[in-house]
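Welcome to this guided tour. Open your viewer, show the chain as a cartoon, and follow the stops below one by one.

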Amino acid sequence: MGRKKFRGGRKGGFNRPPRGDGPAPYRSYQEIVKENANMESFYNKALPFDNDEERSEFWRALKQELPNSFRFCGSKGHALAVKRLLETRYVPDIVNIERYDGEPVQAPQPVPWYPDQLAYSMNTPKHVIRKFPPFAAFQKFLVSETSVGNISRQEVVSMIPPLLMDVEPGMSVLDLCAAPGSKAAQLLEMVHAGEEARIRKFMQSLGETKVVAADEEDVDISIDAGDDGRATGLLIANDADYKRSHMLVHQLKRLSSPNLLVTNHDATLYPAIKLPRDPQDPDKGQYLRFDRILADVPCSGDGTLRKNINLWKDWQPGNALGLHITQVRILVRALQMLKVGGRVVYSTCSMNPIENEAVVVSAIERCGGPEKIGIIDCKDRLPLLKRKPGMHQWQIMDKSGRIWSSWEEVQQHALTNDGHMPSKLSETMFARPDTSNCSALPLDRCMRVYAHQQDTGGFFITVLEKKEDFKAKPEAKARAVTETTGANGAEPAKVEAKIEKEEEKAALGEPTDVLPTVGAKRTLDDGDDEAKPDVKRQRTDSLPGEGSEARPEAVVETEQALPEPKAEAADTDAKARPNNGGPANRRAKTSDGNSEEPFKYLPSGHAVIQDIQKFYKISPRFPSDRFMVRNATGEPAKAIYYTSALLRDILVENEGRGVKFVHGGVKMFMKQDAPSAEVCRWRIQSEGMPIIEGYVGPERTVRLTNKETFHKLLKEMFPKFIDEDWKKLNEIGERAKEIGMGCCLLYVEPDGSDPDFSERMVLPLWKSFHSLNLMLPKEDRSAMLLRVFNDTSPVINQTLKDSSKKQDEAANADAETNDQVMTGVGAIEDANGEGAEAAEQLPDGAGHENNAEAEPISVAE
């Protein structure tokens with residue numbers, strides 16, 4: 001998020017006139033015609049509109065461009081603070097823009113049904129946004145806050161499913177098909193709801209922190225109170241595609257949660273997660289059951305026609321037909337892993353009943369019927385959201401374009417046509433006859449959202465509750481008509497037998513083989529994945545151009561990605577030893593050829609942990625048995641991570657079981673070149689700061705209250721701190737002069753008189769011999785400068801400026817000396833030229849006393 005798409009920005013690139021008889025500099029592409037006879041014929045019959053006028057509104061809305069939308073992220077207090085900035089700084093300038101081409105310019109509008117109005121939508125045309133400076137300033141704000149995780153660009157209807165899950169602190173949550181991650185981010189915020197205020201209130205009750213501010217978020221300290229107020233819940237975000245699972249990591253790492261795991265598994269065969277055995281019953285294995293599961297499954301995606309306009313020419317009935325079985329399997333697996341009393345939210349961005357109501361009925365049928373699984377009525381939830389009820393009867397279009405109303409009709413056709421069955425049709429796709437125990441399911445409790453109702457995309461949502469445990473029935477053998485074949489051309493019957501076997505293994509918690517997934521997971525929209533993070537999924541059958549679509553390269557999270565000094569690397573290898581009760585395995589390759597570094601927990605008494613605790617005077621209340629590294633040796637090399645207790649138990653118990661963990665934990669400490677042996681070499685990482693800040697002793701803290709002091713620290717990297725320079729830092733100067741070298745905590749505590757400077761923050765500060773520096777990534781500095789000071793000018797790197805100045809002075813001095821002493825000596829002049837060239841090639845800050853501390857900036861994030 002935050003990266004821009006540059007159009008024609010290269011020098012002389014696309015603006016040159018054509019040479020000779022060559023092609024014109026611009027190519028003209030035929031605009032896609034927003035018509036599809038088959039699709040229009042099907043939905044005109046399949047969707048129960050009230051009248052012809054509503055049907056016309058439906059198609060008219062689908063042919064219009066989708067409004068842009070976004071929501072404010074993070075804790076409620078922080079989200080409201082960023083929202084206030086939008087309303088007070090940017091909206092007034094936008095609404096004052098004069099009419100353009102006779103059309104009024106509309107500012108972003110709050111989504112009326114979203115809680116606390118933390119979601120916004122805007123339908124201003126792109127040419128207006130590009131033309132007017134107020135929109136340019138707003139766009140800069142949007143990109144800046146998105147890059148640091150305070151804003152999520154997300155389609156409005158995509159925000160609905162998490163809001164219907166009723167996630168509460170302390171719950172275990174699974175997002176089975178999570179990429180690209182916008183819904184998972186919503187769920188993660190719910191897992192941590194009220195955590196910051198809860199921790200501060202808990203610390204206050206122990207007399208270990210200041211009195212809670214008057215505007216502190218009101219929370220019940222008894223909720224999720226088992227870990228000193230820290231969130232004890234869990235979110236596992238999963239995706240079947242390895243590269244997309246790393247996209248999840250990229251999206252969700254911004255939320256800095258020690259309660260997050262990212263996995264890479266086929267959702268139809270998601271493995272059982274093992275837990276530590278119960279001391280009261282040590283012979284019985286325990287496996288994780290989830291309180292809430294989101295199954296936002298792969299689908300044909302025709303609800304996204306306004307955004308993915310290629311669907312107008314590419315839509316075909318086979319897209320949905322080929323995905324039905326996979327969707328049923330995913331929903332059944334979700335219900336198997338759910339606690340009794342837990343909820344599964346099933347959702348698609350498709351309007352086709354084969355992928356919606358038919359899947360819900362089939363899954364409930366396989367799981368034992370309405371006695372085991374119920375459909376929850378959500379008509380009172382999100383009252384301002386306009387929606388339609390689910391359908392009890394529906395029609396199906398086969399690949400030839402023929403429409404069928406019932407399975408009996410299909411069977412009758414087969415009897416009169418020598419047993420020939422319409423391709424890909426199966427009994428589970430149709431509404432159930434009266435003889436079935438699922439014929440009277442309250443499918444009207446399902447929720448359908450259409451484009452014309454509130455200017456959105458199309459969506460389908462159902463909330464299911466598990467009433468009792470069950471043993472899932474095998475799939476009906478009639479599914480063989482779906483023409484399922486293995487990747488190597490295996491017979492359908494063999495593939496079916498293999499799938500059944502793997503499903504049984506998954507349910508028992510045994511490792512499963514990788515099977516080809518029926519259908520394809522979502523692919524990225526054209527453009528930046530960060531600008532459009534909630535892109536919906538594509539269809540089963542490969543369409544022209546899909547196979548060649550570029551995907552982001554996976555960035556494997558590993559400490560070995562950054563080279564260590566050779567001597568230290570040799571020492572680390574010498575210390576290689578087993579950890580977590582298992583062998584010190586190297587990066588293990590899975591059956592699909594991908595590999596990840598292992599997760600190795602450090603013992604509480606590890607020398608590095610003890611040194612850190614001693615240096616920062618960390619309270620003994622802070623757990624010391626949750627620190628972890630990601631390398632085969634199990635020794636700290638570059639980073640030390642922190643996880644919740646539940647994550648630790650999961651990662652330790654499932655080591656070597658074939659569960660493909662991609663990410664877990666928050667970077668708490670990063671290795672840092674220290675100015676002396678007495679200084680701790682492990683600095684606190686900015687993302688770990690909210691977790692540990694309440695437990696660091698006052699000996700390593702500095703308190704800032706002045707807005708201009710904060711501006712100076714943000715604006716200037718490595719400000720000098722020698723002689724009388726400390727006086728320039730106002731209220732923190734004397735304390736900064738006295739505190740020992742190394743990492744310390746900067747408490748930013750505004751007095752509340754300035755609404756733009758009112759949010760409490762705790763940031764890592766590094767003191768060296770001659771400088772003081774906020775250890776923040778550059779994008780975080782820039783975002784804070786824009787948010788608090790409306791400052792868009794570049795950050796000043798004093799170290800680089802001083803280094804460049806010294807090099808220039810040295811070069812000038814050498815030139816004068818050479819002119820005076822070596823005049824006319826060509827060989828010496830050549831040598832001087834080489835020396836100057838070598839000096840130009842020195843890295844920024846090379847030779848400067850601050851270079852050692854400049855290095856961490858490149859790895860601060």
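Select Arg343 and Glu465 to start: Glu465, in strand β17, is the bridge partner of Arg343. Strands here are DSSP runs of E with at least two residues, and helices are runs of H or I with at least four, each numbered from the N terminus. Two strands pair if DSSP finds at least two bridges between them.

Before you go on, a note on what you are viewing: this is a predicted model, in which local features need pLDDT of at least 70 and side-chain atom pairs count only at pLDDT 80 or more, while totals for chains, interfaces and linings use all residues. Residues are numbered from 1 along each chain as its sequence is written, and side-chain values use heavy atoms, with hydrogens and water left out.

**Stop 1: strand β11 and its partners**

Now colour residues 459-466, which form β17; six bridges join β17 to β11, and the two run antiparallel. Next, colour residues 290-296, strand β10, which is also joined to β11 by six bridges, but here the strands run parallel. To see one facing pair, pick Phe290, which stands opposite Leu338 in β11.

How many residues of β11 are buried? Eight of the eleven are, so β11 is largely enclosed by the rest of the structure. (Buried means under 20% relative accessible area, exposed over 50%, and partly exposed in between, using a 1.4 Å probe and protein chains only.)

Stay in β11, residues 338-348, and click on Ser347. Ser347 has a relative accessible area of 0%, so it counts as buried. Show its side chain together with that of Asp296: the two side chains make a polar contact at 2.7 Å. (A polar contact is a pair of N or O atoms within 3.5 Å; within protein, one must be able to donate a hydrogen and the other to accept it, and residues adjacent in sequence count only if both atoms are side-chain atoms.)

**Stop 2: helix α13**

Select residues 357-366 to find helix α13, where nine of the ten residues are buried. Among them are Glu357, Val360, Ile364 and Arg366. Just after α13, look at Gly368, which takes a positive phi of about 110°.

**Stop 3: two open sheets**

Show the sheet with the strand order β2-β3-β1-β4, an open sheet of four strands with antiparallel pairing. Its edges are β2 (109-110) and β4 (151-153); each has a single partner strand, so one side of each is left without a neighbour in the sheet. Within this sheet, four bridges join β1 (residues 68-72) to β3 (residues 119-122). Label Phe70 and you will find it opposite Tyr120 in β3.

Then move to another open sheet of four strands, ordered β26-β28-β29-β30, where the pairing is mixed. Strands β29 (residues 761-767) and β30 pair in the antiparallel sense over three bridges. Try selecting Leu765: its bridge partner in β30 is Leu774.

**Stop 4: a hidden space**

Last, select Lys253, Ser256, His663, Gly665 and Val666, which lie nearest the centre of the second largest cavity among its twelve lining residues. (On a 1 Å grid over the protein atoms alone, a cavity is a set of points where a 1.4 Å probe fits but cannot get out; lining residues have an atom within 4 Å of a point.) This cavity has a volume of about 90 Å³, where volume is the space filled by probe spheres set on the points, with grid points joined across faces, edges and corners.

How values were computed
On a 1 Å grid over the protein atoms alone, a cavity is a set of points where a 1.4 Å probe fits but cannot get out, and a pocket is an open set with protein on both sides within 12 Å along at least five of seven lines; lining residues have an atom within 4 Å of a point.
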